[in-house]
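Here is a short walk through one structure, from its core out to a couple of odd loop residues. Have the viewer open as you read.

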Amino acid sequence: MSSTRMTPERESSSPLPVPSPLPQPPVASAADATPASVGAALSPIRDFLSKRGSGSFADNSFAAVMLLCACSIFAIVLFIFVILVVHSRLSLIQFGWKFFTRQAWDPVSGDFGALPFIYGTLATSLLALCMAVPLALGVAIFLTELCPRVLRAPISFLTELLAAIPSVVYGLWAVFVLVPLMRDLIGPFLYKILGWTGFFEGTNFGVGLLTASMILAIMILPIISSLTRDIMNAVPNSQREAVLALGATRWEMIRIGVLRNSRIGIVGAIMLGLGRALGETMAVTMVIGNHPDISKSLFAPGYTLASVIANEFSEATGDLYLSALIEIGLALFLVTIVVNAIARLMVWAVTRNAPARVN
Amino acid sequence: MSTQPLSNQPRPMDFESGSMRRNTARRSATNYFVSGLCILATVLVILPLVAILFYLIYKGASSLNLAFFTHIPAPVGEVGGGMANSIVGSGIVLFLASLMGIPIGIAAGVYLAEFGRGKTLATAVRFTADVLNGVPSIVMGISIYSLIVVQQKHFSALAGGVALAIMMVPTITRTTEEMLATVPHAIREAALGLGVPKWRTAISVSLRTASPGIITGCMLAFARVAGETAPLLFTAFGNQFWSFKLSEPIAALPLQIYVYAISPYDEWHRLAWAGSLVLIVLIMVSVTLVRIFANRGVLKGGS
């Protein structure tokens, strides 16, 4: 091997010819050449490189550290699951699967069942979805298809701000503005109009399932609308143009060309919103009334899985009580994981490989 | 039936016929109707935001004063007092969380973008990060309680920091990965061509190029956990007095707002509004800064 030639692997990574009379390079970072022979007639560069040693150790250890950090995400999920199972074993053994179908919640006699909380969680989340989804779709359609370009940035910025407000601030606002409004204005109005359905019976305290659903709807709106917007942006423009070329009006174009193409992704976005609604804690705890009871009326105070943990965890006396609360946490964890996983797969199926639409 | 004559070709359309005109009118009416609904929806969404912001500024600004930033909470019944300890406490907990969460998040993102292209493991990590992002914060709170607080036998700032750090990791990982994916391959190849080792390329070239976007991601994650109350309820727990030790319960702004908001005292409600205003201004400022810097400095082109 001639002394001016480089080793083959060096050649493959830098095809430039190396001028030999160069002084030692000031940037001392080239290191992945393995000297085949250390002879007397080495060029200065060769000499320099041979003293540097191989960089493969540094490279490999760097890759290993990065891999470790990536795997720590698995570890976190696994660790949350294991720790919840371990700490809820008392209640898991005592009540078994019946825990989720029992109505009792009596810390004094040690009798626990999660049904009222499951009911409260499902009722508030689904009601919130009913309110938020049409609005969120409307906003997304407006922003992607109808909005004048001048307004697009400010409105999307505003809706994103809505997502940045902490939930405790929503709760504070709900306690002092929404609850009185509900008690004095919206509640009586709903009773007058829809009282016959039986969903608006009983005393209206202002706090209750309906108020909690309203604040939840406000909170999940920005998530659903911004995701839906991304998904609708991923629909290629040629689809829109094709439908318009057939003589469709703008709404028909949106319905046939955009919504039909992105329906899986939109369902995914809605499920992500559902996942957020199921786990939302603070704002709901502040306005739902915190009463473990199943009632048909939406004015009645309720309780959700997350808010019973928030309220009773730090004052839980006795191991069984604590373990029952942790089991509720475990249920919440599993349900949100499943909902989120399905939702992510749906969104992923639509937006994957989709080139961003050039506006 | 199958022997329909070929002469059954479509007649030339009569665009002036009554049914056609009615049809067109109906379609364009639907169009306007739905457009109107969309505009109405947008207005309905903007309305609560404006209402919340307006009410917050109105209530918060009238109750903010210097004492809020310099005093610790006053006992019930006494006028005055502030949330100085909560602001400092929030700062400490968030600093701890960033110290743990940001390096892990960025490193995982670097793995996904630089080393894990096309690997099944990388897809799995990506998916897990997305799913972890949706796990309710209260669940984080009780698992960290079970892990750290039960072992230590007391609430601590450290536990709060760990809980928030776990919440920061998935957001940062995903944004880091997305930002690294926008760095053109030519730049990496140039560095590798100069003989720079791969680890050095990742740090000084890829990460450096994508840094505005990555900082954006970190700020967004920071803003998100800054307002989190649920994971701190059973970890940091809150404190009415000054506390700087990591092994002691510590006050935090969102916790204090929660405690004051559900209390029956007017004076505490006033402080809760002031605290919310401070919290939200902090978050909005960081989000707005992010918006300004996000579109600047990122290399365009893509891979």
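Two residues are in contact if their C-beta atoms, placed from the backbone, lie within 7 Å. On that basis, and not counting neighbours within four places in sequence, Val287(A) touches Gly171(A), Ala174(A), Val175(A), Leu178(A), Val179(A), Val207(A), Thr211(A), Ala212(A) and Ile215(A).

A word on the ground rules. This is a predicted model, with local features needing pLDDT of at least 70 and side-chain atom pairs counting only at pLDDT 80 or more, while totals for chains, interfaces and linings use all residues. Residues are numbered from 1 along each chain as its sequence is written, with chains lettered from A and ligands numbered from 1 in the order in which they are written.

Back to the core. A residue is buried if 20 or more other C-beta atoms lie within 10 Å of its own, exposed if 12 or fewer, and partly exposed in between. A nonpolar core is a set of buried Ala, Val, Leu, Ile, Met, Phe, Trp, Tyr and Cys residues joined through C-beta atoms within 7 Å. The largest one here has 190 residues, and Ile215(A) and Val287(A) touch the most other members. Domain 2 (56-87) and domain 3 (95-351) of chain A both contribute residues, so this core lies between them; the domain bounds come from an automatic or database assignment.

Across the 359 residues of chain A, 45% are buried. Chain A has 14 helices and two strands, taken as DSSP runs (helices H or I, at least four residues; strands E, at least two) and numbered from the N terminus.

Now for helix α3 of chain A, residues 56-87. Its 32 residues reach 45 Å from first C-alpha to last, close to the 46 Å expected, where the expected span is 1.5 Å times one less than the number of residues. Among its buried residues are Phe62(A), Met66(A), Cys69(A) and Ile73(A). The cover over the buried residues of α3(A) includes α14 (319-351) of chain A, along with helices of chain B such as α3 (84-115) and α6 (157-181).

Finally, the odd backbones. Most residues other than glycine have a negative phi, but two here go the other way:

| Residue | Phi | Loop | C-beta atoms within 10 Å |
|---|---|---|---|
| Asn290(A) | about 55° | between α12 and α13 of chain A | 19 other C-beta atoms, partly exposed |
| Lys153(B) | about 70° | between α5 and α6 of chain B | 7 C-beta neighbours, exposed |
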